[in-house]
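Grab your viewer and work through a few exercises on this fold. Try each task yourself before you read the solution under it.

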Amino acid sequence: MKADLISRRSFLSVVGAVGAAAALTACGGAVSSTASSAAASSEAASSEAAGESVELIVFAAASLTETLNAIAQDYSAENPGVTFRFNFDSSGTLKTQIQEGADCDLFLSAGQKQMNQLDITASADVNTDGLDFVDPSTRVDLLENKVVLCVPEGSDKGIDSFDALAEHLKAQDILFCMGNSDVPVGQYTQKILAYYDLDEEALAAAGVITYGSNVKEVTTQISEGSVDAGVVYCTDAYSAGLTPVDEATAEMCGQVIYPAAVLKAAPNAEAAREFLAYLQTDRAATVFEGVGFTAM
């Protein structure tokens, strides 16, 4: 890979330092086990005084599974009183769940599009339905990730770069996995295919492309060797023990920015703001950066 990657041993030491042992999940879409955390707001304090916990409901992109579980354990150790309930899935699925009325305090997306579709202040070209779910005063660009190309361990196809991938796709002699079109990692992959003038629809019809409903499903197909190559995030490659063979440039697919925001109808808005502020601290950044995210 063109950029140096952080070793698994390095990340384990970071997570160990904060007392976190997050389980690697083969596929997103599951609600995590709850982790106890913090009365860091007046709302949380009043609930604690009444002998009740505050349950923060966090909807987050599947690629954040390991890091958010680790950070929640650290937050819990410092601030007893709040219960976390994480819902990890593709950003498109989470956006739909929010739109359909699911309770959610804090939304962390792997793409700007899904956040914009819920933000009334976003361009009407993106928020075409005029949805007004996001509190724009809380919205921040939290993290940057990288899009990488991975192949199964021991692959003998000679796919060692995006250039080589493009040649194999043109020859239609491999099976390639990418995210669905409603998944941010799939949208970034579509831009890469367009960069190489590749016809995704024709390749899919020829049986050259298979899909995953979120980035974890794509990662699993690569790890299991059921495909010859796939495009995932740097952080998911790390979590799955995969070594990327190439990294996409901004010219190929743009920047991979993760926005976060508290929702207007959040059941625990103040506590959610406090946790979002914590996610922007140096201590949280250490965990994020340990797997390849860049804190913004």
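Below are five exercises with worked solutions, all on a predicted model.

**Exercise 1. Get an overview: how many helices and strands does the protein chain have, and what share of its residues is buried?**

Step 1: Count the elements. The protein chain comes to 13 helices and 12 strands.

Step 2: Turn to burial. There are 296 residues in the protein chain, and 53% of them count as buried.

Step 3: Check how far along the sequence the contacts reach. Take the contacts with a separation of 6 or more; 78% of them join residues 24 or more positions apart.

**Exercise 2. Work out how helix 3 packs against helix 13: at what angle, with which hand, and through which residues?**

Step 1: Start with the geometry. Helix 3 covers residues 65–78 and helix 13 covers residues 282–290; their axes lie 9 Å apart, at an angle of about 150°.

Step 2: Name the arrangement. Angles over 145 degrees count as roughly antiparallel, and therefore helix 3 and helix 13 are roughly antiparallel to each other. Their crossing is right-handed.

Step 3: List who meets whom. Helix 3 brings Thr 67, Leu 68, Ala 70, Ile 71, Asp 74 and Glu 78, and across from them helix 13 offers Arg 283, Ala 284, Val 287 and Phe 288. Sorted by class, the residues of this contact are 6 nonpolar, 1 polar and 3 charged.

Step 4: Add a distance you can check on screen. Tyr 75 sits in helix 3, and its C-alpha is 9.2 Å from that of Ala 284, although the two are 209 residues apart in sequence.

**Exercise 3. Now do it for helix 3 and helix 12: at what angle do they cross, and which residues make the contact?**

Step 1: Look at the axes. Those of helix 3 and helix 12 come within 12 Å and cross at roughly 115°. That makes helix 3 roughly perpendicular to helix 12.

Step 2: Find the hand. Helix 3 passes helix 12 in a right-handed crossing.

Step 3: Pick out the residues. From helix 3 come Leu 68, Ile 71, Asp 74, Tyr 75 and Glu 78, while helix 12 supplies Glu 274, Phe 275, Tyr 278 and Leu 279. This contact of helix 3 with helix 12 has 6 nonpolar, no polar and 3 charged residues.

Step 4: Take one of these, Tyr 75: buried or exposed? Its relative accessible area is 3%, so Tyr 75 is buried.

**Exercise 4. Trace the largest nonpolar core: which residues have the most contacts inside it, and which helix gives the most to it?**

Step 1: Find the hubs. The largest nonpolar core has 77 residues, and those with the most contacts inside it are Leu 64, Leu 68, Leu 108, Phe 275, Leu 279 and Phe 288.

Step 2: Identify the top contributor. Helix 12, residues 269–279, gives the most to this core, with 7 residues.

Step 3: Zoom in on one hub. Leaving out residues up to four places away in sequence, Leu 108 touches Val 58, Phe 59, Ala 60, Ala 61, Leu 64, Leu 68, Leu 142, Pro 259, Ala 260 and Leu 279.

Step 4: Don't miss the other one. A second, separate core of 12 residues includes Cys 104, Met 115, Leu 118 and Val 134.

**Exercise 5. Compare the settings of Gln 172 and Asp 197: where is each found, and how exposed is each?**

Step 1: Recall the background. Most residues other than glycine have a negative phi. Gln 172 is not a glycine, yet its phi is positive, about 55°. Asp 197 also has a positive phi of about 55° and is not a glycine either.

Step 2: Place them. Gln 172 follows helix 6 and lies in the loop between helix 6 and strand 7 (176–179). Asp 197 belongs to the loop between helix 7 (184–195) and helix 8 (200–205).

Step 3: Read the exposure. Gln 172 has a relative accessible area of 43%, so it is partly exposed. For Asp 197 the value is 69%, so Asp 197 is exposed.

Step 4: See what Gln 172 touches. Beyond residues up to four places away in sequence, Gln 172 touches Leu 203, Ala 206 and Val 208. Gln 172 and Leu 203 are 31 residues apart in sequence, with their C-alpha atoms 7.5 Å apart.

Conventions
Residues are numbered from 1 along each chain as its sequence is written. This is a predicted model: local features need pLDDT of at least 70, side-chain atom pairs count only at pLDDT 80 or more; totals for chains, interfaces and linings use all residues. Side-chain values use heavy atoms; hydrogens and water are left out. Axes are lines fitted to C-alpha atoms, for helices over the stretch in contact, and angles run from 0 to 180 degrees between N-to-C directions. Helices (H or I, at least four residues) and strands (E, at least two) are DSSP runs, numbered from the N terminus. Angles under 35 degrees count as roughly parallel, over 145 as roughly antiparallel, 65 to 115 as roughly perpendicular and the rest as oblique. A crossing is left-handed if the near helix is turned anticlockwise from the far one by less than a right angle, and right-handed if clockwise. Contact means heavy atoms within 4.5 Å. Ala, Val, Leu, Ile, Met, Phe, Trp, Tyr, Cys and Pro count as nonpolar, Asp, Glu, Lys and Arg as charged, and the others, Gly among them, as polar. A nonpolar core is a set of buried Ala, Val, Leu, Ile, Met, Phe, Trp, Tyr and Cys residues joined through side-chain atoms within 4.5 Å. Buried means under 20% relative accessible area, exposed over 50%, partly exposed in between (1.4 Å probe, protein chains only).
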